[in-house]
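Here are some short exercises to work through with the model open beside you. Try each task before you read its solution.

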Amino acid sequence: MKNLMQNLIKLQEYDNRLQELSLQRGELPTIIESLTEEIKEKTERLNEITESISKMQSDRRMFEKEVEASKIQLKKYEDQLYQVQNNREYDAISSEIDTKKAEIENLENKIIQTLEDEETLKQELSEGEEEVKKLEKQLSEHQKELEEIDQLTREEKTRLMAEREEIAKTIDDRFLRQYERIRKAKGGLAVAQIVRGSCGGCFSAIPPQRIVEVRKGDRLFSCEYCGRILVWID
Ligand SMILES: [Zn+2]
């Protein structure tokens, strides 16, 4: 049991150091994650815009073809107008001509509209691309920064993790699970040293009888207030 306590203390020391190393990364992982997400969303929007632009261009080509065909048709009617035999025929062809002219005007308006819309989208596209470039630059700077920090701590981290693994192996699964559970719930500290009669985790006073029991080390005791494993270090 004394060994168990010693090993839990050691385990906690290793985890503290590992946590310190991971804290050196600061806000960088969060910043990198949110930048990556933002770039992804913006890029998706830019892809949509590109698609809309190409749809508008193909619509416009279609309208232009229709205008061409209508103009040929109009020319035919206009030629026919010179060869009419009576008023009735004249009126009929005149009416066709008016319809064609209206049709052409309508198509030409549509063409102008697609040109204007395309211009707006192209503007949005180029601004968006500029923005994505900026974000990508920020992302790569932060990634580089994080990589430099990791570079410095990598060796120590690898060594600590290997040593921690060795200690963890010697601890019964049941206690190891308990340790991990408390560590997760209590912000990293699962093993609390009794300091001046109080729990080193939550600073609540421990009854003297309990302190004696913890010092004896015959079994594990948890702090009644925070649940951390209590240990005594001479
Ligand atoms: Zn406590």
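Two strands count as paired if DSSP finds at least two bridges between them. Keep in mind that this is a predicted model.

**Exercise 1. Find the residue of β2 that Val195 stands opposite, and describe how the two strands run.**

Solution. Start at Val195: the residue across from Val195 in β2 is Ser198. Next, look at the strands themselves: β1 and β2 are antiparallel and joined by 2 bridges. In general, strands of a sheet pair through backbone hydrogen bonds, parallel or antiparallel.

**Exercise 2. Work out the strand order of the sheet, then say which strands stand at the edges.**

Solution. Read across the sheet: the 4 strands come in the order β2-β1-β4-β3, in an open sheet with mixed pairing. The edge positions belong to β2 and β3 (221-222); each has a single partner strand, so one side of each lacks a neighbour in the sheet.

**Exercise 3. Place Arg196 and decide: buried or exposed?**

Solution. First locate Arg196, which sits in the loop between β1 (191-195) and β2 (198-199). Then count its surroundings: Arg196 has 7 C-beta neighbours inside 10 Å. A residue is exposed at 12 or fewer, so Arg196 counts as exposed. As a further check on your view, the C-alpha atoms of Arg196 and Ile206 are 9.4 Å apart, with their positions 10 residues apart in sequence.

**Exercise 4. Trace the largest nonpolar core, and list what Val191 touches.**

Solution. Begin with the core, which has 15 residues; those touching the most other members are Leu8, Tyr179, Val191, Ala192, Ile229, Leu230 and Val231. Two or more residues each come from α1 (2-23), α4 (173-185), β1 and β4 (229-231). Now select Val191: leaving aside residues up to four places away in sequence, Val191 touches Leu8, Ile9, Gln12, Arg228, Ile229 and Val231.

**Exercise 5. Explain why the protein is described as more spread out than a compact globule.**

Solution. Lay out the elements first: there are 5 helices and 4 strands, following the pattern α-α-α-α-β-β-α-β-β along the sequence. For 234 residues the globule rule gives 17 Å, but the radius of gyration is 39 Å, well over that value, so the protein is more spread out than a compact globule. Along the principal axes, the C-alpha trace spans about 125 × 35 × 30 Å. Finally, compare the domains: domain 1 covers 21-170 and domain 2 covers 177-231, and their C-alpha centres lie 60 Å apart. Of the 234 residues, 10% count as buried.

Key: Residues are numbered from 1 along each chain as its sequence is written. This is a predicted model: local features need pLDDT of at least 70, side-chain atom pairs count only at pLDDT 80 or more; totals for chains, interfaces and linings use all residues. The radius of gyration is taken over C-alpha atoms; the globule rule is 2.2 Å times the number of residues to the power 0.38. A residue is buried if 20 or more other C-beta atoms lie within 10 Å of its own, exposed if 12 or fewer, and partly exposed in between; C-beta atoms are placed from the backbone. A nonpolar core is a set of buried Ala, Val, Leu, Ile, Met, Phe, Trp, Tyr and Cys residues joined through C-beta atoms within 7 Å. Two residues are in contact if their C-beta atoms, placed from the backbone, lie within 7 Å. Domain bounds come from an automatic or database domain assignment.
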